[in-house]
Amino acid sequence: MRKLKVGVIGLGFIGAVHADAIQRSPFAEVSAVCDANREFAAKAAGELNIPKFYSDYRELVLDPEIEVIHNCTPNHLHYEICRFSLEHGKHILCEKPLGMTSEETAALLKISEAHPSLKTCVNFNYRMYPFIQEYKARLQTGELGEPRLVHGHFLQDWLLYDTDYSWRLERELCGETRAVGDIGSHWCDLAETLLGSKIKEVLADLVTVIPNRKKPLRQQKTFSAANGNEPYEDFPVSTEDYGCVMFRMENGVRGVFYISQVSAGHKCDLKIEVNTDRLSLAWSHEKSGRVWIGRRDKANEIEMRDPNTFRFAGEYTRLPSGHAEGFHDAVLNHLNSFYRSILYPDASSADYADFASGHHIMKVIDAIVQSSRTKSWAAVTE
Ligand SMILES: NC(=O)c1ccc[n+]([C@@H]2O[C@H](COP(=O)([O-])OP(=O)(O)OC[C@H]3O[C@@H](n4cnc5c(N)ncnc54)[C@H](O)[C@@H]3O)[C@@H](O)[C@H]2O)c1
């Protein structure tokens, strides 16, 4: 089978996850990498045993061997690298959020529509966990009843102290929202995927819990804890650490979720629960191999991930039951789905998130910001 030639730009936390997943995919291989930090790029090329590395993304995009670009850079570079890639004939997978503003994501969607032979993807990877795909399909059959409510959270603690710092705190690099754009965007995509419906109105309360932080004068790695003894400068924070959002979906389902990056003990604690007129279903990212099924008239159940009992999403799970699958595997599922749509455009079921999904979630984020500002319900405009 022919393998797509992929170039990965940005080799920080998530770039390394992408490189690992690409190397495990039967559909693609990493042919070149790029990071503004040339040392990172050289190290990654050595580890992946590939000869080509760049420190200027334009050189990687213009490399005639490269067919697919993975944009794993900080948010302020998403628009420019995606635009440049599409205009130079490359398929593009971008990290979330797709852009800094909905003006940027609308422009990217328009450029992608002008190049219909090129495929686009935004890495909302949580939708590709085996149980999410399995229960999305089971809910669609109607056998689990009519969904009424959806609720949950996404909690982290890596910004708990005022000495914790990352580029994500800087509006010019991250965008107008932080917690909402960074982790709320994942939660919204997950709820919409599971229920097969879109969020249409929101009522939000966003709060900057720590308004002043200590910015280290030396650059720090994302998610690494600072010891507080490094030289620093005072940094006023204008983006939210916490948010709570009520919402209504197009199918009539009502929901609520809250997000935080300052909740001690919570690492990547994403939880979602759906209540239908018959039962409840709860899934947690940190225990992703299980689904809790709540019932009123008989005992509750816990279903363990098992390829033998999956009826719809067998292709998303590879290991036998009891052998943990996780984050790397969900990313691989997402990449495989995207690559299949490039290699076999007529046969693909295309369940990955494309630029239209990325733009829609940016419009949900806009409505959340507007609602929090005006203290009233805001509609998601498309
Ligand atoms: N889908 C997910 O689950 C997930 C998880 C984490 C991060 N992300 C997203 O991935 C993106 C990157 O986040 P991260 O945590 O990996 O950040 P990071 O800071 O760990 O890594 C970013 C990398 O980009 C490089 N870079 C900066 N400017 C560059 C340029 N001009 N050209 C090439 N490389 C450049 C940096 O040197 C760094 O190595 C963000 O948009 C973030 O929202 C997604």
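**View 1. The ligand and the residues that surround it.** In this predicted model, 25 residues stand around the ligand, and Asp-35, Asn-75, Lys-96, Asn-125 and Trp-167 come nearest. If you sort the shell by class, you will find 11 nonpolar, 9 polar and 5 charged residues. Both domains take part here: domain 1 (4-125) and domain 2 (127-322 + 354-374) each give at least three residues to the shell.

**View 2. Polar atoms facing the ligand.** Which atoms of Ile-14, backbone or side chain, lie 2.9 Å from an oxygen atom of the ligand? For Ile-14 it is a backbone N or O atom. His-78 uses its side chain instead, with an N or O atom there 3.0 Å from an oxygen atom of the ligand. The side chain of Glu-95 has an N or O atom 3.0 Å from a nitrogen atom of the ligand. Taken on its own, the ligand has 850 Å² of accessible area, and the protein covers 87% of that. Helix H1 (13-24) and helix H8 (179-195) are the elements that give two or more residues to the shell around the ligand.

**View 3. A cis peptide bond at Lys-96.** Lys-96, one of the residues that come nearest to the ligand, is joined to Pro-97 by a cis peptide bond, with omega at about -15 degrees. Where does Pro-97 lie? Look for Pro-97 in the loop between strand S5 (91-94) and helix H5 (102-113).

**View 4. Two domains in contact.** The domain assignment splits the chain into domain 1 (4-125) and domain 2 (127-322 + 354-374). Their centres, taken over C-alpha atoms, are separated by 24 Å. On the domain 1 side 26 residues are in contact, and on the domain 2 side 25 residues.

**View 5. An open sheet of 9 strands.** Follow the strands across the sheet and you will read the order S16-S15-S14-S13-S7-S12-S11-S8-S17, with mixed pairing. Strand S16 (301-304) and strand S17 (378-379) are the edge strands, and each of them pairs on one side only. Within the sheet, strand S7 (residues 147-155) runs antiparallel to strand S13 (residues 269-276), and 8 bridges link the two. To find the register, start at Val-150, whose bridge partner in S13 is Val-274. As background, side chains in a regular strand alternate between the two faces of the sheet.

**View 6. The hairpin at the S16 edge.** Here S15 and S16 form a hairpin, with 6 residues between them. Strand S15 (residues 290-294) pairs with S16 in the antiparallel sense over 4 bridges. Which residue of S16 is the bridge partner of Arg-290? That partner is Met-304.

**View 7. The S17 edge and its neighbours.** How many bridges join S8 and S17? These two strands pair in the antiparallel sense over 2 bridges, and Glu-201 stands opposite Ala-379 in S17. Strand S8 (residues 199-207) also pairs with strand S11 (residues 242-249), in the antiparallel sense and over 8 bridges. In that pairing, Leu-206 stands opposite Gly-243 in S11.

**View 8. A positive phi at Asn-49.** Asn-49 is worth a stop if you like backbone torsions: phi is near 60 degrees, a positive value in a residue other than glycine. The loop that holds Asn-49 runs between helix H2 (38-48) and strand S3 (52-54).

How values were computed
Residues numbered from 1 in each chain as written. Predicted model: local features only at pLDDT ≥ 70, side-chain atom pairs only at ≥ 80, totals over all residues. Heavy atoms only, no water. Near = heavy atom within 4 Å. Polar contact = N/O pair within 3.5 Å; in protein donor to acceptor, adjacent residues only side chain to side chain. Areas by Shrake-Rupley, 256 points an atom, 1.4 Å probe, with all protein chains shown as cover. Nonpolar A, V, L, I, M, F, W, Y, C, P; charged D, E, K, R; others polar. Domains from an automatic or database assignment. Pairing = 2+ DSSP bridges. Contact = heavy atoms within 4.5 Å.
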